[in-house]
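Trainee: Could we go through this model term by term, setting each value against its definition before accepting the label?

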Amino acid sequence: MEKINFKYFFFTNLFIIHIFLSISPAFSAVLRWSPVGSTNDCTIAGYKVHYGITSGDFTDVVDVNGQDNTSYDLDNLNLLVGQTYFFAVSAYSTTNQEGPLSSSIYHIRYPFVDYANNTIDLTFGVNIVQGAYVTSNYEFIPTILFDDALAIIRTGWTYHLFLKDIPPQIIFSMGVSNVLDSDGNPLISDFITINDNDNNNMPDDWEEYYGISSAFLDADSDGLDNRSEFEWNTNPLDSDSDNDGMDDGWEVKNGLNPVADDADGDIDGDGIGNLEEYNQGSGVSNRCPEKPLLNLPVDFAADVELNPQLITGSYVDRENDSHEQTNWQISTQETFTENILFERDTYNNTQLTTLIVPEFILETGKTYFWRVKFFDELRGVGGSLWSEPFSFTTIVNNPEDSDQNGVPDIQQVMDGTIDLNNDGNNDVSTDTYKIATSETTTFALEASNGVTAIDCLKFIDSDDIIDTSGKPDLDFGLMQFKLRVNSPGDTAKIKIYFSEPVGDHWYKYDIIDGWTEYSSDYPDNVDFSSDRRSVILTLIDGGPGDSDGVANGIIVDPSGPGGSGPEGYSPPSSNSGGGSGGGGGGGCFIATAAFGSPIDKHVQILKDFRDIYLLKSKLGVAFVKTYYKYSPPIANVIERNGILKNVVRIGLMPIILFGYIAIHASLIQQILIFLFIIGAILYLKFKFQNSKLTTD
């Protein structure tokens, strides 16, 4: 190891002490030492100055690079006046080997100034001082006058300056000129700052009065740090120093006076008072939108569907700023302080005043509250006030799920002979395992890490999702499910099994964000098995994979597989030519083929009739299953023949009319319509018989 020659250090120590004892000017103290010579084995690269406020405990170090640099200006260290500091020096080589420390010496930065009440004590490091008694040699900024009776009194090396009146809680400066030592050297060469010993630009007595020390903290959380509170003459422990209802920080930011009641003013001249703009969360240069009004469902509405459409009143902004964002919330509490079930921001023009609640957010027979907040084009400044909340109560029974087991009746696995997870037992839906079927594929969800329950599982045909922007090719559709986790914000894992191999991509549809590829955005969260008959999904409550948008212990997710599968594999056909329906998960194939779209109003009537009436009985369920089994090929033929389409449309109209009456007409209306139809039939029969008799 390299050895360093420090033969000069003994003389260095003596020279350092000599230099310190000979220096008295307060702001020009320089630490000096003798150089250490290089040898054949060692080249000196520089020196290190070690210092601290305790002898032998050097907490700080300064690198003085260069063999010929043998001094250091202590003004660079910003030493506190009156504090004793201890110093030692070491040399280091070009290979960064450091030698031993010199013996230490101490230094006190003079003059030492003590300030209390109206007296300043000025202590010098020498005994004989010239000009220290002359009051005209002292200058104060701001101006402060000497006490004529006392002026200046000396005690030892300390000169007591008696002043008339020093205002409290201010930082002021004292300049001294023509104060010399016995050799005529100036003892002070600059102004001295008084009442700020820690140099944080806050008066010491002000800090002591309020019990604070840090300049950068915000003790009252009003948007102003403690130093700004002093500069604005506000109370650092009171967020509203002038009690005008507006936080000090907000007033400063918007050009108001935080120590004057200006709540009734209108600084930007827009006709809206400062306090009103503050309460709306806007800056005085921007008027936030008016408080929204809610329309539908009406307040206290009953028997509301489980995925209702929420509609607000019109957007109003007095400055005619455009509507850029809406925040939607649903809770089980009117105060919205907890139990937030749904919270999402919408930016799409079609969703700013209208939103369809995703499925599985709401449950049957429960009361919910909803509210919205509007944002204009300057949404970063603040939004409107929250609307007054509306409440509604959902339907008591879900027409899709009569046995309330979380799986639509039409999608339940009826035969009980399937074992998708290969555990040796036929699959049965439980709290932690749900199984369902589409027209082509059976699938099951199994709870894994972090999941306490699987509440719901449902197949959604992709043809029922009319948002085609970025719509992928799916294998069979989407799976909508609802999970519960241990605690809000938890990460959950589930395993999904399929009766057929699926593609190697996982897609998600969100009613607000649209179509995304989850396996691409979060590749570590999707793990397919080698045979593509199962996948493990990782979902985060309130994060990726959760459509309710809030960490509330519930994860709601509509997603499904797609893309290329194993070699030689082609995805199961869902007979897209005929389309698939919504509701219970099966499609009205023939009607869709005839009318051209699964969302055509005629098709929707048939779907509603199926869900409300047919699926309520075993006979109806059996009929629907039989229809799904045999109708897709017929639908394909109809879709390819324009004439046949028209014929089928005409043939379906009586059924559609019957379904519309059954769904929308009251009992009395149904009886009257029935009597009218019977009367019309009897009348036509009578006319036909009379016509036949006349002919005969």
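Mentor: Let us begin with the salt bridges, of which the structure holds 12. This is a predicted model, in which local features need pLDDT of at least 70 and side-chain atom pairs count only at pLDDT 80 or more, while totals for chains, interfaces and linings use all residues. Residues are numbered from 1 along each chain as its sequence is written, and side-chain values use heavy atoms, with hydrogens and water left out.

Trainee: What makes K48 and E98 a salt bridge?

Mentor: The term requires a side-chain nitrogen of Lys or Arg within 4 Å of a carboxyl oxygen of Asp or Glu. The closest N and O atoms of K48 and E98 are 3.8 Å apart, so the pair meets that limit. The two partners come from distant parts of the chain, 50 residues apart, with K48 in strand β2 (residues 44–52) and E98 in the loop between β5 (84–93) and β6 (105–108). Strands here are DSSP runs of E with at least two residues, helices are runs of H or I with at least four, and both are numbered from the N terminus.

Trainee: Why is E98 called partly exposed?

Mentor: Its relative accessible area is 38%, and the scheme calls a residue buried under 20%, exposed over 50% and partly exposed in between (1.4 Å probe, protein chains only). The value for E98 lies in the middle class, and therefore the label is partly exposed.

Trainee: How do you know that R484 and D455 form a salt bridge, and which parts of the chain does the pair link?

Mentor: The closest N and O atoms of R484 and D455 are 2.5 Å apart, which satisfies the salt-bridge rule. The pair links distant parts of the chain, R484 in strand β25 (residues 478–485) and D455 in strand β24 (residues 451–460), 29 residues apart. R484, at 27%, and D455, at 22%, are both partly exposed. Through salt bridges that share partners, E363, K366, D455, K482 and R484 are joined into one network. Within that network, E363 and K366 meet at 2.9 Å, N to O; E363 is partly exposed at 24%, as is K366 at 37%.

Trainee: Is R532 buried or exposed, and what is notable about its phi?

Mentor: R532 has a relative accessibility of 18%, and so it counts as buried. Its phi is positive, about 60°, although R532 is not a glycine, and the residue sits in the loop between β29 (526–528) and β30 (534–540). N233 also has a positive phi, near 60°, in the loop between α3 (226–231) and α4 (248–253), but N233 has a relative accessible area of 62% and is therefore exposed.

Trainee: How do you know which peptide bonds are cis?

Mentor: The omega angle tells us: the bond from I141 to P142 is cis, with omega near -5°, and the bond from L296 to P297 is cis, again with omega near -5°. P142 lies in the loop between β9 (138–141) and β10 (152–155), and P297 in the loop between β14 (294–296) and β15 (301–304).

Trainee: What makes the nonpolar surface patch, and where is I678 placed?

Mentor: The patch covers about 1200 Å² and is made by L667, I668, I671, L672, F674, L675, F676, I677, I678, I681 and L682. Membership needs over 30% relative accessible area and no salt bridge, and nonpolar side chains (Val, Leu, Ile, Met, Phe, Trp, Tyr) are joined within 5 Å. I678, in helix α11 (residues 667–695), is partly exposed at 35%, so it passes the area threshold of over 30%.

Trainee: What lines the second largest cavity, and how is the lining classed?

Mentor: A cavity is a set of points on a 1 Å grid over the protein atoms alone where a 1.4 Å probe fits but cannot get out, and lining residues have an atom within 4 Å of a point. By this rule there are 2 cavities of 30 Å³ or more, and the second largest has a volume of about 30 Å³. L341, F360, I361, K482, D548, N552, I554 and V556 line it, giving 5 nonpolar, 1 polar and 2 charged residues. K482, one of these lining residues, also belongs to the salt-bridge network.

Conventions:
Patch = residues over 30% accessible without salt bridge, like charges linked within 9 Å, V, L, I, M, F, W, Y side chains within 5 Å. Areas by Shrake-Rupley, 256 points an atom, 1.4 Å probe, with all protein chains shown as cover. 1 Å grid on protein atoms, 1.4 Å probe; cavity = no way out; pocket = protein on both sides within 12 Å on 5 of 7 lines; lining within 4 Å. Points joined across faces, edges and corners; volume = space filled by probe spheres on them. Nonpolar A, V, L, I, M, F, W, Y, C, P; charged D, E, K, R; others polar.
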